[in-house]
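Please open the model in your viewer and keep the selection tool handy. We will go from one stop to the next, with a short note on what to see at each.

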Amino acid sequence: MTDLSHYTQYIPDETAMCAFGADLVNAICKLPSSNAITFYLNGDLGAGKTTLSRGIIQALGHQGNVKSPTYTLVEEYHLPQKTVYHFDLYRLSDPEELEFMGIRDYFNQNCLCLIEWSEKGKGLLAEPDIIINIAYADNARNISLIAQSIQGEQIIKTLQQHKLQNTL
């Protein structure tokens with residue numbers, strides 16, 4: 001029996017990380033389009049959180065650069081399928097700063113919120129649909145997804161089916 005709450009994959013390089021982002025978009029697109037989706041992206045500095053975000057954002061149709069919002073806290077991308085809010089809370093000194101920027105307004109219908117360093121906004125952020133953990137594996141990465149909602153389980157189920165089809 002397949003566990004719909006967990007998914008793991010070995011990511012050998014940056015290209016594979018971006019391709020995995022596109023796989024996530026494919027899974028997201030199978031959900032009702034109006035749903036808000038929230039991912040918490042965890043990993044050490046340089047693990048690939050922003051690279052994964054770039055893969056997701058570009059797979060949704062963004063043509064330009066995707067930069068880390070380390071100093072701006074959030075970058076917005078208004079794309080045909082969804083509005084993406086890419087947060088990087090690394091430099092956040094107090095979670096209350098999120099209240100001042102109207103954090104609750106970002107978690108609305110038809111948006112995708114990608115949140116790096118989510119622990120710094122604890123108590124003020126929307127609950128994640130999926131927690132994504134990225135860990136170093138020598139020069140590569142291991143990525144692990146943990147569903148936190150039914151919607152997260154649906155995304156993982158789609159990823160598992162895609163992986164199975166590609167191995168047959």
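Start by selecting Tyr 136 and Arg 141: Arg 141, in strand 7, is the bridge partner of Tyr 136. Bear in mind as you look around that this is a predicted model. Now show the two whole strands, strand 6 and strand 7, which pair in the antiparallel sense over 8 bridges. At the turn of this hairpin, 2 residues lie between the strands, and Asp 138 takes a positive phi near 60°.

Next, add strand 2, which runs parallel to strand 6 and is joined to it by 4 bridges. To see one partnership there, pick Leu 41 and its bridge partner in strand 6, Ile 132.

Now for the interior. Select Leu 24, Phe 39, Leu 52, Leu 145 and Ile 155: these have the most contacts inside the largest nonpolar core, a set of 33 residues. Among the elements that each supply at least two residues of this core are strand 1 (6-11), helix 2 (49-59) and helix 4 (150-167). Helix 1 gives the most, with 7 residues. Centre the view on Leu 24 and you will find Ile 56, Ile 132 and Leu 159 among its contacts beyond its sequence neighbours. Apart from this core lies another, of 18 residues, including Leu 73, Val 74, Tyr 85 and Cys 111.

For the last stop, go to Ser 118, in the loop between strand 5 (111-116) and strand 6 (130-137). Is Ser 118 buried or exposed? Its relative accessibility is 7%, below the 20% cut-off, so Ser 118 counts as buried. Show its contacts farther than four places away in sequence: Tyr 40, Asn 42, Leu 89 and Leu 125.

Technical notes. Residues are numbered from 1 along each chain as its sequence is written. This is a predicted model: local features need pLDDT of at least 70, side-chain atom pairs count only at pLDDT 80 or more; totals for chains, interfaces and linings use all residues. Side-chain values use heavy atoms; hydrogens and water are left out. Buried means under 20% relative accessible area, exposed over 50%, partly exposed in between (1.4 Å probe, protein chains only). Contact means heavy atoms within 4.5 Å. A nonpolar core is a set of buried Ala, Val, Leu, Ile, Met, Phe, Trp, Tyr and Cys residues joined through side-chain atoms within 4.5 Å. Two strands pair if DSSP finds at least two bridges between them.
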